[in-house]
Amino acid sequence: MTQMILNDELSLPESAFDITEHLGFSNKKSANWAWLELAGSVLSHYHVDRHDRLNALLKWFYHDLGFCARDNYFSVEAADLAKCVTSRQGNSTTLATLLMLLAKQLDLVLEPLLLPGTTVLCCNIDKQVTYIDCLTGNPLSKHQLHVIVRGELGNSAPLKPRYLKGASVKRLLSRMIHELKAGAILAHEFERAMECCNLLLQWHSDDLNLNRERAFIAQQLGCISVAAADLKHFVDNSPHDPVTELVKLQLKELNDEREVYH
């Protein structure tokens, strides 16, 4: 797999299509044609009143076109924006991204909110804030947002103000790559999962948990020296982390294993 260099010159959906094609999950050209068709078709749903415009967009997207959650929700296919635009099935992040981009075609601003475990959209029209469940198009209350957070992090988890701040393109793409990585690990596609870690570390080089994840993936591939180097990096830079002692044991076990060369 050739190296891909990520930079901050990002655009959607093009950057997402570039990433999934680089990872070997989908074809950028066919996805781009499907996107252009959608982007042109949505213009017929322009209404003068912005509330009517949003309602028309949601009805068209979910009911007329049939966009919905993919049955295999945690798969690579669900996390792949290119597959989402061509199959009309995805996860909360890919569906949110497409809906956000289509709204932009109608001069509507939908902001992605990266809650733990799910992505929702926020729309502010005439100081009336609406939160949208991206899997169904249904509105969500703040209480329901908090229920989502508690379901992911536990009953004592607060609804932090940062959860309600719109995400940048870079943060949205980072979440997509994390979800692609998780899907690749579930499918035992460890080389692609490894490349997802490499891409994320370009943007988040100080995220030591990525080094731990990459170590696990490298071990599955038999690349023991790579795994050991990542675990050593974690130990050296996280002396006070509660899991550091466990990682030290993992590192000792790795150093006792034979290197498997590919």
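**Exposed charges, a four-stranded sheet and the helices around it**

With a relative accessible area of 56%, D126 counts as exposed. The model described here is a predicted one, and D126 is a handy place to start looking around. The side chain of D126 takes part in a salt bridge with R50, in which the closest N and O atoms are 2.8 Å apart. This pair connects distant parts of the chain, since R50 belongs to helix 3 (residues 50-64) while D126 sits in the loop between strand 4 and strand 5, 76 residues apart. R50, for its part, is partly exposed at 33% relative accessibility.

The loop that carries D126 leads straight to the sheet. Here, 4 strands are arranged in the order 3-4-5-6, forming an open sheet with antiparallel pairing. Its edges are strand 3 (110-115) and strand 6 (139-140), each of which pairs on one side only. Packed on this sheet is helix 8 (residues 169-186), which touches strand 3 and strand 4 and whose direction makes about 50° with that of strand 3.

How is strand 4 held to the strands with which it pairs? Strand 4 (residues 118-125) and strand 5 (residues 128-133) run antiparallel and are joined by 6 bridges. Within this pair, the residue standing opposite I125 is Q128 of strand 5. Strand 3 is likewise antiparallel to strand 4, again with 6 bridges between them, and L113 has V120 in strand 4 as its bridge partner. Strands 3 and 4 make up a hairpin with 2 residues between them, and G117 in the turn adopts a positive phi of about 85°. Although strand 3 is an edge strand, it is mostly covered, with 5 of its 6 residues buried. As a reminder for anyone inspecting the sheet, side chains in a regular strand alternate between the two faces.

Helix 3, which supplies R50 to the salt bridge with D126, deserves a closer look. The helix has 15 residues and spans 20 Å from its first C-alpha to its last, close to the 21 Å expected at 1.5 Å a residue. At the N-terminal end, D49 acts as a cap: one of its side-chain oxygens lies 3.0 Å from the backbone nitrogen of H51. Just beyond the other end of the helix, G66 takes a positive phi of about 80°. Which residues of helix 3 are buried? They are R53, L54, A56, L57, L58, W60, F61 and Y62. The cover over these buried residues includes helix 2 (28-41), helix 6, strand 3, strand 4 and strand 5.

Two of the buried residues of helix 3, R53 and L57, also appear among the contacts of L106. L106 is found in the loop between helix 6 (92-105) and strand 3. Is this loop residue buried or exposed? Its relative accessible area is 0%, so L106 counts as buried, the cut-off being under 20%. Leaving aside residues up to four places away in sequence, L106 touches V42, L43, H45, Y46, R53 and L57. By contrast, T94 is 12 residues from L106 along the chain, and their C-alpha atoms are separated by 19 Å.

Charged pairs turn up elsewhere too, for the structure holds 9 salt bridges in total. In general, side chains of opposite charge can pair when their charged atoms come close. One of the salt bridges joins K170 to D8, with 3.3 Å between the closest N and O atoms. Because K170 lies in helix 8 and D8 in the segment before helix 1 (14-22), this pair ties together parts that are 162 residues apart in sequence. K170 is partly exposed at 28% relative accessibility, whereas D8 is exposed at 58%.

A local example comes from helix 12 (residues 244-255), which contains both K248 and E245, 3 residues apart, or about one turn of the helix. These two form a salt bridge in which the closest N and O atoms are 3.3 Å apart. K248 is partly exposed at 38% relative accessibility, while E245 is exposed, with a relative accessible area of 52%. Helix 12 is also home to E253, an exposed residue with a relative accessible area of 54%. The C-alpha atom of E253 is 9.3 Å from that of A228, and the two residues are 25 residues apart in sequence.

Conventions: Residues numbered from 1 in each chain as written. Predicted model: local features only at pLDDT ≥ 70, side-chain atom pairs only at ≥ 80, totals over all residues. Heavy atoms only, no water. Pairing = 2+ DSSP bridges. Contact = heavy atoms within 4.5 Å. Axes fitted to C-alpha atoms, helices over the stretch in contact; angles between N-to-C directions. Buried < 20%, exposed > 50% of the residue type's maximum accessible area, 1.4 Å probe, protein only. Expected span 1.5 Å × (residues − 1). Polar contact = N/O pair within 3.5 Å; in protein donor to acceptor, adjacent residues only side chain to side chain.
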